[in-house]
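These are my notebook entries on a structure that is new to me. I wrote them down in the order in which I looked things up.

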Amino acid sequence: MASGADYDGPKRAVTTAAQTADDPAVNFSTAAAGANGSRFVRSCLRLPVDRTPVWFLRQAGRYMPEYMAVRKHHSLLDICRTPQIAAEVTITAAERLGVDAAIIFADLLLPFTPMGVDFEFLANEGPVVHSPIRTAEQVRGLRTDRVEELSYVARAIEKVAAHFSAPRPDGDQLGIIGFCGAPFTLASYMIEGGGSRNYVETKRMMYSDRVAWPLLMQKLVEVLAAYAAQQVEAGADVIQVFDSWAGALSVADYRQYCLLPTTELVRRIQALGVPVIYFGVDTASLLPTMRETGADVLGLDWRVPLDEAWRTLHYRVAVQGNLDPITLFAPPEVLHARVAEILSAAAGRPGHIFNLGHGIVPGTPVEAVLQVVLQIKQSAIPA
């Protein structure tokens with residue numbers, strides 16, 4: 001058996017979307033409460049909606065004056081680990097923009113701390129892991145029994161869910177999104193010690209260590225599934241799984257080393273009764289294989305036309321995206337045209353959630369983001 005192919009994770013069968021393509025991955029009855037009151041959740045489940053729901057990756061971030069005011073007094077990790085502040089930042093962004101979903105303010109790397117991996121954010125460098133995980137012995141030492149230490153994220157979600165518990169004036173219920181990283185992406189940060197261009201050390205372990213890589217995948221799935229369960233119990237309607245750096249993989253490598261653990265994570269989250277959005281950057285070539293995870297929604301970046309990508313997926317999964325975030329810097333008429341193109345490509349088909357193809361970048365004009373939200377709200381789904 002090839003290296004990495006013998007991942008066994010928790011001892012249960014994995015069913016791919018290719019085997020259940022015509023059936024929704026989430027039981028509608030368990031998701032009914034969210035679906036009945038939220039056009040965002042309904043779109044995740046490919047149910048009819050009156051208009052396309054919209055939210056933005058990194059919608060609470062450094063482009064927004066309200067967030068920058070908070071950052072003057074608190075570090076990124078302080079905000080993440082203080083439920084009241086994390087909830088405030090989340091709520092402020094959702095209300096300021098008028099979007100259809102609020103994603104909790106957190107960071108992908110938070111699960112590292114209870115696993116025993118120390119990290120910090122350095123100015124102009126991003127996350128830095130001071131003792132990268134490079135050996136099987138180090139992987140064996142990673143903890144999976146301290147997930148409760150992440151409960152501050154759940155407490156923040158509880159506050160956000162309580163704030164948005166009443167329907168909005170239009171009768172819609174704002175969706176609450178929790179999230180976690182995908183096994184490959186978190187493994188890459190652990191192994192490389194931070195961001196990377198070539199993922200040499202990550203792929204070295206993936207290709208050559210028949211013990212460390214499968215065990216690392218298994219431990220990450222255990223921690224991430226438990227972490228997602230905390231968020232769902234606290235009130236998250238949907239969980240987004242970020243596989244930010246999966247685009248560094250070939251289709252063959254993704255299938256051999258990452259598909260099974262990612263599928264296991266997706267299925268364990270769906271068993272909690274919520275839909276899963278699965279998103280990666282520069283993953284156009286991986287989309288058909290990513291669909292095999294059974295995720296309810298696939299996030300599309302801006303490099304692939306939405307209609308072409310959806311057609312490749314046989315319309316058997318919802319899609320999210322996919323405006324180039326830098327288009328938010330364009331003149332209003334150009335921005336309007338690009339948004340209209342994406343809506344036209346979606347053609348009113350149930351299961352489209354408007355979003356960016358990646359996160360909002362610093363310096364983005366808030367007015368441009370508001371323009372997109374207004375345009376979406378004024379664009380009814382064709383009868």
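**Entry 1: R58 and the largest pocket**

I began with R58, whose place is in the loop between helix 2 (39–44) and helix 3. I note at once that the model is a predicted one, and I read every entry below with that in mind. I looked up the backbone of R58 and found a positive phi of about 60°, although R58 is not a glycine. Is R58 buried, exposed or partly exposed? With a relative accessible area of 44%, R58 is partly exposed, because the buried class ends at 20% and the exposed class begins over 50%.

I then turned to the largest pocket, which holds about 1300 Å³ of space. R58 turned up again here, since the largest pocket is lined by 35 residues and the closest to its centre are R58, R62, L76, D107 and F121. The elements that give two or more residues to this lining are helix 3 (65–71), helix 4 (76–80), strand 2 (119–122) and strand 3 (126–129). Helix 3 gives the largest share, three residues. I also sorted the lining by class, and I wrote down 22 nonpolar, eight polar and five charged residues.

**Entry 2: the second largest pocket and N322**

Next I looked up the second largest pocket, with about 180 Å³ of space. It is lined by 13 residues, and W302, N322, R338, E341 and I342 are the closest to its centre. Which element gives the largest share of this lining? I found that helix 15 (residues 332–346) does, with four residues. By class, the lining of the second largest pocket has seven nonpolar, two polar and four charged residues.

I stayed with N322, which is found in the loop between strand 8 (318–320) and helix 15. The peptide bond that leads from G321 to N322 is cis, and I noted its omega as near 0°. On the way past helix 15 I also stopped at A347, which lies in the loop between that helix and strand 9 (352–353). A347 has a positive phi of about 60°, although it is not a glycine.

**Entry 3: Q240**

I then followed Q240, which lies in strand 5 (residues 238–242). Q240 is buried, with a relative accessible area of 0%. What does the side chain of Q240 meet in a polar contact? I found the side chain of Q320, joined to that of Q240 by a polar contact of 3.3 Å. Leaving out residues up to four places away in sequence, I listed the residues that Q240 touches as W55, L57, I177, G178, F179, C180, I277, F279 and Q320.

**Entry 4: the cysteines**

C180 was on that list of residues touched by Q240, so I ended with the disulfides. How many disulfides does a search of the whole structure find? The count is zero. For C180, the nearest cysteine sulfur is that of C80, 15 Å away, and C180 is in no disulfide, because a disulfide would need the two sulfur atoms within 2.5 Å. C180 is buried, with a relative accessible area of 1%. I looked up C258 as well, and C258 is in no disulfide, the nearest cysteine sulfur being that of C180, 15 Å away. C258 is buried, with a relative accessible area of 1%.

Note on methods
Residues numbered from 1 in each chain as written. Predicted model: local features only at pLDDT ≥ 70, side-chain atom pairs only at ≥ 80, totals over all residues. Heavy atoms only, no water. Buried < 20%, exposed > 50% of the residue type's maximum accessible area, 1.4 Å probe, protein only. 1 Å grid on protein atoms, 1.4 Å probe; cavity = no way out; pocket = protein on both sides within 12 Å on 5 of 7 lines; lining within 4 Å. Points joined across faces, edges and corners; volume = space filled by probe spheres on them. Nonpolar A, V, L, I, M, F, W, Y, C, P; charged D, E, K, R; others polar. Polar contact = N/O pair within 3.5 Å; in protein donor to acceptor, adjacent residues only side chain to side chain. Contact = heavy atoms within 4.5 Å.
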